[in-house]
Structures are given as C-alpha cells and as structure tokens.
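I opened this chain to look up its layout, one helix, and the charged side chains. My notes follow the order in which I checked things.

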Amino acid sequence: MSGHAGAVSDLVDQLSKLPGIGRKSAERLAFHLLRVHEDEALALASAIRRVRTDVRYCSVCYNLSETELCRICSDPKRDTTRLCVVEQPRDLLSLDASGVYSGLYHVLLGRIAPLDGITPDQLTIDSLVERVRTGNFSEIIMATNPTVEGDGTSLYLSNLMQEFPVEITRLARGITSGSVLEYANREIIADALTGRQRL
Ligand code: ZN
C-alpha cells in the first residue's frame with residue numbers, strides 16, 4: 001500500500017516541477033493518468049522519452065531536429081542570402097508558420113540577460129558570427145523578442161556584425177512591445193516581417 005502511495009506522490013512531485021503546474025494541478029494530472037487507459041498514460045511517458053533521446057539541436061542553426069541538420073537547413077529551396085536570428089526554437093516555429101519568410105534561421109538559445117547572469121558566451125553567438133563570416137548572407141534579420149533584453153541582445157549582435165557587408169534589419173513594431181513572439185498571431189508576425197526596418 002505504501003508502495004502505491006509512493007509511486008503516486010513521486011509522479012505528483014515530478015509533475016509539480018513543470019512550469020505553471022502547482023501542487024493541486026499536479027495531483028489532478030496524476031489522478032487523471034491513473035484513470036485513463038494504460039496505453040494513453042504510457043504514450044505520454046514514451047513521448048517524453050523520445051523527445052529527450054531523439055531530439056537534438058541542428059548542428060548549423062540550433063533549431064530542434066531529429067537529424068544532424070534540421071528540415072530548414074537541409075531544404076535546398078530556402079533563400080540562403082537571408083538569416084533570421086531568434087531567441088528560441090519556438091520563435092522560429094512561429095515565424096516560419098507565417099509563411100512570408102523563406103530564408104535561414106539562427107537560434108541563440110536565449111537572450112543576453114545580465115541580471116539573470118546570462119552572458120553572450122552562453123548563447124550560440126560565436127557560431128552565428130562564424131556563419132555570417134563564411135556565409136553568403138546579404139541580410140540579417142534580428143527577430144529577438146521586443147523586450148528590454150531582446151532589444152539589448154539585438155543591439156549587441158548588430159554591433160558585432162558591423163564588420164561584415166550585410167544589411168541588418170529588425171522586425172517592425174507590429175508586435176506590441178513586451179509581448180512574446182511565440183504568442184503573437186500569424187498575421188501580426190507576417191506584418192512584422194514584411195515591415196522590417198534597417199537597424
Ligand atoms: Zn538548422
């Protein structure tokens with residue numbers, strides 16, 4: 001009996017570590033998983049296992065991928081003269097879903113945030129600079145989030161890029177300042193991309 005209680009409370013402990021999940025929600029989810037068909041509960045466990053064993057970062061752009069090169073980097077139809085810089089893989093997904101951009105991406109895996117102790121060397125900035133140095137880009141689009149830290153990151157990067165013969169642009173302010181790219185709808189993102197301005 002105590003073994004069962006231990007297993008349930010283990011699950012509640014694990015679930016309550018997830019962002020936005022408090023103790024009460026964790027308990028509700030745990031009891032839900034006990035109630036549903038076994039296959040359904042185990043499918044969740046195996047999806048978690050797969051995402052952690054099969055998914056990695058693309059070796060070029062740091063997008064999430066199940067292969068060495070992500071689907072965008074390995075697509076010969078993409079415009080290799082444009083590079084769009086985003087904070088997270090989920091921002092890339094939002095931008096790409098807008099359908100108005102066909103260039104390549106670079107995922108920073110974060111933003112410069114001195115107050116949180118996140119410095120440029122913890123992001124994928126070195127490999128971004130290397131890509132721009134050796135690539136064939138005519139435009140670099142800064143698509144970091146419109147927050148103080150996102151803007152600061154974009155400014156830092158554009159200063160680094162000054163030495164290269166590329167045009168540097170920033171998404172138009174269609175996205176309300178402070179809002180996060182991943183939540184913006186498709187039309188707003190499309191407007192922000194088409195209306196991008198020179199930095
Ligand atoms: Zn890639």
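The entries below go from the overall layout to single residues and then to the salt bridges.

**Entry 1, layout.** I noted before anything else that this is a predicted model. I looked up the domain division and found domain 1 at 6–54 and domain 2 at 71–198. Taken over C-alpha atoms, the centres of domain 1 and domain 2 are 34 Å apart. I then checked the UniProt record, an unreviewed entry, which annotates residues 58–73 as "zinc finger region: C4-type". In the model, I found 0% helix and 12% strand in the span 58–73, with its end C-alpha atoms 8 Å apart.

**Entry 2, Leu11.** I located Leu11 in helix α1, residues 2–16. Leu11 has 31% relative accessibility and therefore counts as partly exposed. Setting aside neighbours within four places in sequence, I found Leu11 in contact with Ala30 and Leu33. I also took the C-alpha to C-alpha distance from Leu11 to Arg111, which is 32 Å for 100 residues of sequence separation.

**Entry 3, helix α5.** Which residues of α5 (125–134) are buried? I listed Ile125, Leu128, Val129, Arg131 and Val132. They lie on the same side of α5, because the arc they cover around the axis is only 160 degrees. What does this buried side pack against? I found β3, β4 (103–107), β5 (139–142) and α6 (148–161). On the face turned away from the buried side I found the exposed residues Asp126 and Thr134.

**Entry 4, Glu87.** I placed Glu87 in the loop between β3 (79–86) and α4 (89–97). Glu87 is buried and has no salt bridge. Which side chain of opposite charge is nearest to Glu87? I found Arg111, at 4.5 Å; a salt bridge here requires nitrogen and oxygen within 4 Å. Not counting residues up to four places away in sequence, Glu87 touches Val107, Leu108, Leu109, Gly110, Arg111, Thr144, Asn145 and Gly150.

**Entry 5, Arg111.** I next looked up the partner of Arg111. Arg111 forms a salt bridge with Asp116, with 3.4 Å between the closest N and O atoms. Arg111 counts as partly exposed because its relative accessibility is 22%.

**Entry 6, other salt bridges.** How many salt bridges does the structure hold? I noted 14. I looked at two pairs that involve strand β6.

The side chains of Arg170 and Asp151 meet at 2.5 Å, N to O. Arg170 is in strand β6 (residues 167–170) and Asp151 is in helix α6, so the pair ties together parts 19 residues apart in sequence. Arg170 counts as buried, at 9% relative accessibility, whereas Asp151 is partly exposed, at 26% relative accessible area.

For Glu167 and Arg198 I recorded a salt bridge of 3.2 Å, N to O. This pair links distant parts of the chain, 31 residues apart, with Glu167 in strand β6 and Arg198 in strand β7 (residues 197–198). Glu167 counts as partly exposed, at 29% relative accessibility, and Arg198 is exposed, with a relative accessible area of 65%.

**Entry 7, network.** Finally, I looked for salt bridges that join up. I found Asp79, Arg82, Glu139 and Arg196 linked in a network of salt bridges.

Terms used
Residues are numbered from 1 along each chain as its sequence is written. This is a predicted model: local features need pLDDT of at least 70, side-chain atom pairs count only at pLDDT 80 or more; totals for chains, interfaces and linings use all residues. Side-chain values use heavy atoms; hydrogens and water are left out. Buried means under 20% relative accessible area, exposed over 50%, partly exposed in between (1.4 Å probe, protein chains only). Lys and Arg count as positive and Asp and Glu as negative; His and the chain ends are not counted. Contact means heavy atoms within 4.5 Å. The arc is that of the directions from the helix axis to the C-beta atoms. UniProt positions are given in the numbering used here, feature names are shortened, and annotations may be inferred rather than shown by experiment. Domain bounds come from an automatic or database domain assignment.
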